[in-house]
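Work through these exercises with the structure open. Try each task before reading its solution.

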Amino acid sequence: MKTLGYYNGKYDEIDKIMIPMSDRSHWFGDGVYDATCARNYKIMAIDEHVDRFFNSARLLNINLGFTKEYLKDLLNELVQKLDDDELFVYWQATRGGNGLRSHNYDKEQKANLWITICPEKITDKDREYKLTSMEDTRFLHCNIKTLNLIPSVVAYQHAKENNCDETVFHRGDIVTECAHSNVHIIKDKKFITHPADEYILPGIARAHLLKACKALNIEIEERLFTVDELINADEVIVSSSGDLCIRATEFEGKAVGKKDSDTFNRLKEYIYQEWLECTKK
């Protein structure tokens with residue numbers, strides 16, 4: 001198969017899968033999701049992504065109706081059906097819905113499970129990003145991967161229209177994250193990242209960068225940092241499951257970072273080698 005779409009036990013090419021109009025995602029964006037990459041048909045950090053998915057569902061009181069092991073087995077089975085072996089693997093659970101539109105919901109209603117899988121290569125590790133910025137006006141549940149992504153859609157479109165690769169969110173002068181990535185800085189050999197609170201998504205790549213810092217004896221500071229600190233940082237790093245450790249070299253049209261290649265390259269090589277090891281044949 002070139003692509004795969006799955007909905008409640010049925011699967012086919014993505015454009016052949018039909019979703020009932022009664023699914024609450026259509027009316028309310030009522031659901032949670034997670035996503036990662038696969039290489040050689042091996043799903044990257046599947047345990048961590050599934051754990052985060054279940055936590056998101058718990059925080060929104062969504063009755064998944066299946067176990068973590070069931071979901072992992074299903075995802076591992078479905079990736080084998082694709083022709084390509086470098087893939088973007090996405091799944092979401094919506095809060096059921098089999099009737100007319102109503103804001104309230106039945107707590108016992110089991111979720112609808114969607115899965116889409118399509119070819120996608122991980123970002124070239126030597127690529128450099130250009131960043132722009134936008135005030136972060138999102139709700140205070142950024143730690144939950146909900147389907148309500150309009151602010152991120154608007155922010156990413158803003159980046160593309162300004163010939164940039166990502167938009168950095170900030171609340172006042174405090175940097176939070178990007179439209180669909182985490183953002184970090186290196187200053188004086190220290191890796192600085194926003195705390196994993198309700199203002200950011202606890203990225204899996206972010207967690208692996210923290211593990212890499214510990215392995216490489218790079219000091220970590222999980223704290224708030226400002227836009228000015230980002231502008232004056234020795235390095236600016238963007239991370240996500242598809243962009244594991246990308247160097248940003250421009251912010252709002254001005255050069256940033258590229259002042260501590262030694263620390264950055266050590267981190268980059270460590271995390272990409274880890275990715276290659278966990279997805280090798």
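**Exercise 1. An exposed residue and its patch**

Task: Classify Ile150 as buried or exposed from its relative accessibility.

Solution. The relative accessibility of Ile150 is 59%. The cut-off for exposed is over 50%. Ile150 therefore counts as exposed. Keep in mind that this is a predicted model. Next, place the residue: Ile150 is found in helix α4, which covers residues 150-161. Then look at its surroundings. Ile150 joins Leu149, Val153 and Val154 in a nonpolar surface patch. The patch has an area of about 350 Å².

**Exercise 2. The largest pocket**

Task: Describe the largest pocket by its volume, its lining and the elements that supply the lining.

Solution. Start with the principle. Rolling a probe the size of a water molecule over the atoms shows where empty space is left. The largest pocket holds about 980 Å³ of space.

Now count the lining. It comprises 47 residues. Nearest the pocket centre are Tyr33, Lys145, Ala179, His180 and Ser181.

Sort the lining by class. There are 19 nonpolar, 16 polar and twelve charged residues.

Finally, trace the sources. Strands β3 (31-39), β5 (86-94) and β9 (174-178) each supply at least two lining residues. So do helices α2 (46-59), α4 and α5 (204-215). Helix α4 gives the largest share, six residues.

**Exercise 3. Salt bridges across the chain**

Task: Find the salt-bridge partners of Asp83, Asp30 and Lys68, and state where each pair sits.

Solution. Set the scale: the whole structure has 24 salt bridges. Take the three pairs in turn.

Step 1. Asp83 pairs with Lys2, with an N to O distance of 3.9 Å. The cut-off is 4 Å, so this pair qualifies. The bridge links distant parts of the chain, 81 residues apart. Asp83 sits in the loop between α3 (68-79) and β5, while Lys2 lies in the segment before β1 (4-7). Asp83 is partly exposed at 49% relative accessible area. Lys2 is exposed at 58%.

Step 2. Asp30 pairs with Arg95, at 2.9 Å from N to O. The two are 65 residues apart. Asp30 is in the loop between α1 (24-28) and β3, and Arg95 is in the loop between β5 and β6 (112-119). Both Asp30 and Arg95 are buried.

Step 3. Lys68 pairs with Asp51, the closest N and O atoms being 2.9 Å apart. This bridge joins helix α3, which holds Lys68, to helix α2, which holds Asp51. The separation along the chain is 17 residues. Lys68 has 32% relative accessibility and counts as partly exposed. Asp51, at 37%, is partly exposed too.

**Exercise 4. A salt-bridge network**

Task: Which residues are linked with Asp136 in a network of salt bridges?

Solution. Select Asp136 and follow its network. The other members are Arg138, Arg171 and Glu177.

**Exercise 5. A distance across the model**

Task: Locate Lys42, classify its exposure, and give its C-alpha separation from Glu135.

Solution. Lys42 lies in strand β4, residues 42-43. Its relative accessibility is 37%. Partly exposed runs between 20% and 50%, so Lys42 counts as partly exposed. Now the separation: Lys42 and Glu135 are 93 residues apart along the chain. Their C-alpha atoms are separated by 37 Å.

Key: Residues are numbered from 1 along each chain as its sequence is written. This is a predicted model: local features need pLDDT of at least 70, side-chain atom pairs count only at pLDDT 80 or more; totals for chains, interfaces and linings use all residues. Side-chain values use heavy atoms; hydrogens and water are left out. Patches are made of residues with over 30% relative accessible area and no salt bridge: like charges are joined within 9 Å, nonpolar side chains (Val, Leu, Ile, Met, Phe, Trp, Tyr) within 5 Å. Accessible areas come from the Shrake-Rupley method with a 1.4 Å probe; for residues, only the protein chains shown count as cover. A salt bridge is a side-chain nitrogen of Lys or Arg within 4 Å of a carboxyl oxygen of Asp or Glu. Helices (H or I, at least four residues) and strands (E, at least two) are DSSP runs, numbered from the N terminus. Buried means under 20% relative accessible area, exposed over 50%, partly exposed in between (1.4 Å probe, protein chains only). On a 1 Å grid over the protein atoms alone, a cavity is a set of points where a 1.4 Å probe fits but cannot get out, and a pocket is an open set with protein on both sides within 12 Å along at least five of seven lines; lining residues have an atom within 4 Å of a point. Grid points are joined across faces, edges and corners, and a volume is the space filled by probe spheres set on the points. Ala, Val, Leu, Ile, Met, Phe, Trp, Tyr, Cys and Pro count as nonpolar, Asp, Glu, Lys and Arg as charged, and the others, Gly among them, as polar.
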